[in-house]
Amino acid sequence: MFDQNEVKRPRNSQMGRKGSELEPTRWGSLILLLMGLVSFSMVYIFMSSVLSPSSSLSASSRIGSVDGSYENDGENSEFEQSGGGGCCRGIQGLELWGAAVKWGTEFRFNSSEQCCKACKKMCTGKDGPCLCDSWVFCGNKEACGEKLGECWLKKQKDVLAPDKQEAGNKNMWTSGLVFGGGEIMLYLSRVDKGRHCWLETEYGTLHIKLLPDCSPHSVAYILDLLALRHCAGCHFYRAESRGRSWDAKGNHIKDYSFGPPFALIQGTLDAQGLPFNKIQTEHCPTIRRGSVAWVGSGPEFFISLANHEEWKKSYTVFGSVLPEDMVIAEKIAQLPTKPDAWNNINVSVLEQTVPLKIRRVKISSSDMNLNSL
């Protein structure tokens, strides 16, 4: 279900010649517009090819489309490289229960974003465990009545299995989770209990930092997988190395192509026993080395082995692999493959798919050292 291709052909900024002396006529402008539309269509089709799985790979594969649209969160380049931390999004129509650490009757804001930020201030990761890991806001003027603006800050018993009240379009609340206040945890000794999951394969374990504040719907699906306690049917089926185009840090090497190979491993999280609903486009930053993102609206996903500025923020990123675990992803990318063509784009699929399990991280308190660098 991969649609927009990972290799985007650079757009030609000089679509038509602009005369320095002559003013373009109406017909000339129309021709230039048509040429631009044709060029855009060609780029879109090319991008869709690279990440589109062959129908022979998966009988349940769903062909989706990502139009590249996303909300501008005002992220800076540092935030984009980190893979998260600057967002404050929640899920409308969802009410999370849990022990209140701030009572909404006396704690009000004008927006759900402000409520989220208040929770994050209590979860910096610098002074011990998060005092707040979930928030609930009432922002529907018609439905909330006297509760309008109420912001409830809460603490879950288990943040990866939050206590949910009835959800749906008739619910007037908006809720969200906060994992670690956006800090970048570079070492497993700094992994706070319950804020990460792992993808376990026969070649090693990939620890994933989830981004619920940036892609809440995506992470909600991952939490459902964790509750399922298995991921039967989940596997990697495509593997392509960095080749000569990207260095070990994921930086593109000048004068080399952007693929193939396209520097990624691709798979599916379509688990047996868990109905999958298409996930809306959420957080679409620049894809960096270690980014974990959906292809289209899922359940196909990929882990990037390189920085892909050329992909123009087209994929929903819902997590990032801890840097020290990228060696596992690189190992999978070196497994035997066979050539295939998806919409006339050359790709490499694994001769044998790699099954994966999804589990939650279990770290004892003695292993946690949140105050150390």
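## Sheets, a hairpin and a cavity

Strands E3 (residues 134–138) and E5 (residues 173–177) pair in the antiparallel sense, with 5 bridges between them. Within this pairing, valine 136 sits opposite serine 175 of E5. Keep in mind that this is a predicted model.

Zoom out a bit and E3 and E5 turn out to belong to an open sheet of 5 strands, ordered E1-E5-E3-E4-E2, with antiparallel pairing. Strand E1 (91–92) and strand E2 (99–102) are the edge strands, each pairing on one side only. Strands of a sheet pair through backbone hydrogen bonds, either parallel or antiparallel. What lies across E3, E4 and E5? That's helix H3 (residues 112–120), which runs at about 155 degrees to E3; strand E4 itself covers 151–155.

Further along the chain there's a hairpin made by E13 and E14, with 2 residues between the strands. Asparagine 343, in the turn, has a positive phi of about 50 degrees. E13 and E14 run antiparallel, and aspartate 340 faces valine 347 in E14.

Here are the two described pairings, side by side:

| Strand pair | Bridges | Facing residues |
|---|---|---|
| E3 (residues 134–138) and E5 (residues 173–177) | 5 bridges | valine 136 and serine 175 |
| E13 (residues 337–342) and E14 (residues 345–355) | 6 bridges | aspartate 340 and valine 347 |

Now for the empty space: the structure holds 2 cavities of 30 Å³ or more. The second largest has a volume of about 50 Å³. Its lining includes Cys197, Leu199, Phe301 and Phe318, and the lining residues split into 9 nonpolar, no polar and no charged.

How values were computed. Residues are numbered from 1 along each chain as its sequence is written. This is a predicted model: local features need pLDDT of at least 70, side-chain atom pairs count only at pLDDT 80 or more; totals for chains, interfaces and linings use all residues. Side-chain values use heavy atoms; hydrogens and water are left out. On a 1 Å grid over the protein atoms alone, a cavity is a set of points where a 1.4 Å probe fits but cannot get out, and a pocket is an open set with protein on both sides within 12 Å along at least five of seven lines; lining residues have an atom within 4 Å of a point. Grid points are joined across faces, edges and corners, and a volume is the space filled by probe spheres set on the points. Ala, Val, Leu, Ile, Met, Phe, Trp, Tyr, Cys and Pro count as nonpolar, Asp, Glu, Lys and Arg as charged, and the others, Gly among them, as polar. Two strands pair if DSSP finds at least two bridges between them. Helices (H or I, at least four residues) and strands (E, at least two) are DSSP runs, numbered from the N terminus. Contact means heavy atoms within 4.5 Å. Axes are lines fitted to C-alpha atoms, for helices over the stretch in contact, and angles run from 0 to 180 degrees between N-to-C directions.
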